[in-house]
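Colleague: I am new to this structure and would like to look closely at a single part of it before I try to take in the rest. Could you walk me through that part slowly, and then show how the surroundings fit around it?

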Amino acid sequence: MRVLNHLELESQLERSGIGTAADQQRAALAKAAPEIDVVESPWTDGSIPDAAFAHLAFDEDLFADYDLAHCNMIGPTSLAVARHAKRNDIPLVLHAHVTKEDFRGSFRFSNAVAPALGAYLKRFYSQADLVLCPSEYTKGVLEDYPLDAPIEPISNGIDLDSMAGHEPFRDETREEYDLDGMVVFAVGSVFERKGLTTFCELAQATDYDFAWFGTYDEGPHASKTVRRWTQNPPENLTFTGWVDDKRAAFAAGDVFCFPSKVENQGLVVLEAMACEKAVVLRDIPVFREYFEDGHDCLLCETSAEFEAALDRLAEDPDLRRRLGENARETAEEHSLETVGEELAATYRDLLSE
């Protein structure tokens with residue numbers, strides 16, 4: 001079996017959750033199904049310029065040879081792959097990492113653009129022979145569009161090996177960013193959708209050191225909320241910008257606080273859990289689906305509940321330890337081996353139809 005597993009704009013998305021998810025799909029398949037030959041570019045000779053030259057000069061096909069196409073993005077190249085697959089009876093899998101709901105609260109004007117994006121996504125995803133998504137929650141969102149295609153949830157998984165060896169980064173990273181005591185932290189791109197205002201207001205209301213490890217936009221496409229908080233943060237909150245090794249972020253922090261308003265799964269939560277961190281999350285459906293309040297995380301609805309959760313964890317190191325140990329077990333349930341087996345079975349089912 002030869003499968004195209006494609007991520008459009010891969011170099012630009014390498015720091016994103018979508019980029020991580022696509023990398024993990026390929027690693028998962030290599031672990032669980034090495035007999036599947038995975039190609040990453042849809043084009044003959046690996047790039048559109050080379051493919052176009054070969055097509056014009058030697059009448060070669062623009063598209064590479066593959067038995068099944070799996071696309072992880074929604075742009076023009078993915079649209080071309082989808083149309084090529086449909087014309088040539090190649091099974092098509094489209095992975096719904098993007099919804100109009102999780103696009104809101106990201107960049108400037110994203111809320112205004114979201115309805116038009118939703119209309120496009122409905123048409124785009126409906127081309128598929130199968131739409132994969134990260135959770136039952138996202139499946140329900142897509143069913144409400146509605147889509148004219150079957151939808152199946154499959155976890156993005158977690159590369160446990162990628163988080164190994166994080167502990168030695170702790171002292172150096174805490175010293176670099178002047179962090180002390182119980183450090184409350186977040187990891188990932190800084191967006192209001194991810195609970196930026198709640199995170200900052202929690203810092204204002206408490207005496208703990210806070211840190212957000214991740215990139216943030218300062219240009220015209222940055223939202224006013226992101227610019228306001230990152231340019232004038234609370235005194236006990238550090239926005240670090242990009243860190244070269246994500247393990248440094250997870251080593252430096254003690255309590256992973258992620259008050260995100262909308263997630264399709266929350267891969268970064270699994271990364272924190274893999275590092276045995278106590279996790280405090282907003283009580284939203286997708287987190288209820290994967291995690292259990294009081295067992296591997298604390299779920300909160302209001303700012304007062306978030307503040308009380310942090311105080312509990314500060315006063316009770318044993319609770320932090322127990323939540324972290326249980327969180328590690330949860331992360332292990334989403335291993336790449338498990339994801340690879342599910343992906344391989346999905347591919348085989350589509351090819352046998």
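Colleague: With which residue does Glu332 form a salt bridge, and how far apart are the closest N and O atoms?

Modeller: Please keep in mind that this is a predicted model. Glu332 forms its salt bridge with Arg328, and the closest N and O atoms of the two are 3.0 Å apart. Both residues belong to helix α15, where they sit 4 residues apart, about one turn of the helix. An α-helix has 3.6 residues a turn, so residues three or four places apart point the same way. As for their surroundings, Glu332 counts as partly exposed because its relative accessibility is 40%, and Arg328 is also partly exposed, with a relative accessible area of 23%.

The helix holds another pair of this kind, formed by Glu325 and Arg321, whose closest N and O atoms are 3.3 Å apart. Because Glu325 and Arg321 are 4 residues apart in α15, which covers residues 317–332, about one helical turn separates them. Glu325, at 37% relative accessibility, is partly exposed, and Arg321 counts as partly exposed at 45%.

These pairs belong to a wider set, since a search of the whole structure finds 19 salt bridges. Among them is the one between Lys261 and Glu192, with the closest N and O atoms 2.8 Å apart. This pair links distant parts of the chain, for Lys261 lies in the loop between β10 and α12 and Glu192 in the loop between β7 and α9, 69 residues apart. Lys261 is partly exposed at 40% relative accessibility, whereas Glu192, at 15%, counts as buried because the cut-off for that word is under 20%. Elsewhere, Glu10, Asp23, Arg26 and Glu40 are joined in a network of salt bridges.

The loops that hold Lys261 and Glu192 lead to the sheet, where 6 strands are arranged in the order β9-β8-β7-β10-β11-β12, forming an open sheet with parallel pairing. At its edges are β9 (237–241) and β12 (298–300), each of which pairs on one side only. From one strand to the next the twist averages 25°. Helix α12, made of residues 267–274, packs on this sheet and touches β7 (183–187), β10 (255–258) and β11 (278–282), its direction making about 170° with that of β10. Helix α14, residues 303–315, packs on the sheet as well, touching β7, β8, β10, β11 and β12, and its direction makes about 175° with that of β11.

Within the sheet, β11 repays a slower look. It runs parallel to β10, to which 4 bridges join it, and Val255 has Ala278 of β11 as its bridge partner. Between β10 and β11 the chain passes through α12, in a β-α-β crossover that is right-handed. On the other side, 3 bridges join β11 to β12, and these strands also run parallel, with Cys300 in β12 as the bridge partner of Arg282. The chain goes from β11 to β12 through helix α13, residues 285–290, and this β-α-β crossover is right-handed too. Of the 5 residues of β11, 5 are buried, so the strand is largely enclosed by the rest of the structure. Ala278, Val280 and Arg282 point one way from β11, while Val279 and Leu281 point the other way. In a regular strand the side chains alternate between the two faces of the sheet.

Toward the other edge, β8, residues 209–213, pairs with β9 in the parallel sense over 4 bridges, and Ala211 stands opposite Thr238 in β9. In the loop between β8 and α10 (224–231) one finds Ser223, which is buried, with a relative accessible area of 12%. A polar atom of the Ser223 side chain lies 3.1 Å from the backbone nitrogen of Val226.

Finally, helix α9, residues 196–205, is largely enclosed by the rest of the structure, because 7 of its 10 residues are buried. The buried residues in α9 are Leu196, Thr197, Thr198, Phe199, Cys200, Leu202 and Ala203. To return to your question, the salt bridge between Glu332 and Arg328 joins two residues that both lie in α15.

Technical notes
Residues numbered from 1 in each chain as written. Predicted model: local features only at pLDDT ≥ 70, side-chain atom pairs only at ≥ 80, totals over all residues. Heavy atoms only, no water. Pairing = 2+ DSSP bridges. Helix = DSSP H or I, 4+ residues; strand = E, 2+ residues; numbered from the N terminus. Axes fitted to C-alpha atoms, helices over the stretch in contact; angles between N-to-C directions. Contact = heavy atoms within 4.5 Å. Buried < 20%, exposed > 50% of the residue type's maximum accessible area, 1.4 Å probe, protein only. Polar contact = N/O pair within 3.5 Å; in protein donor to acceptor, adjacent residues only side chain to side chain. Right-handed = clockwise from strand over helix to strand, strands pointing away. Salt bridge = Lys/Arg side-chain N within 4 Å of Asp/Glu carboxyl O.
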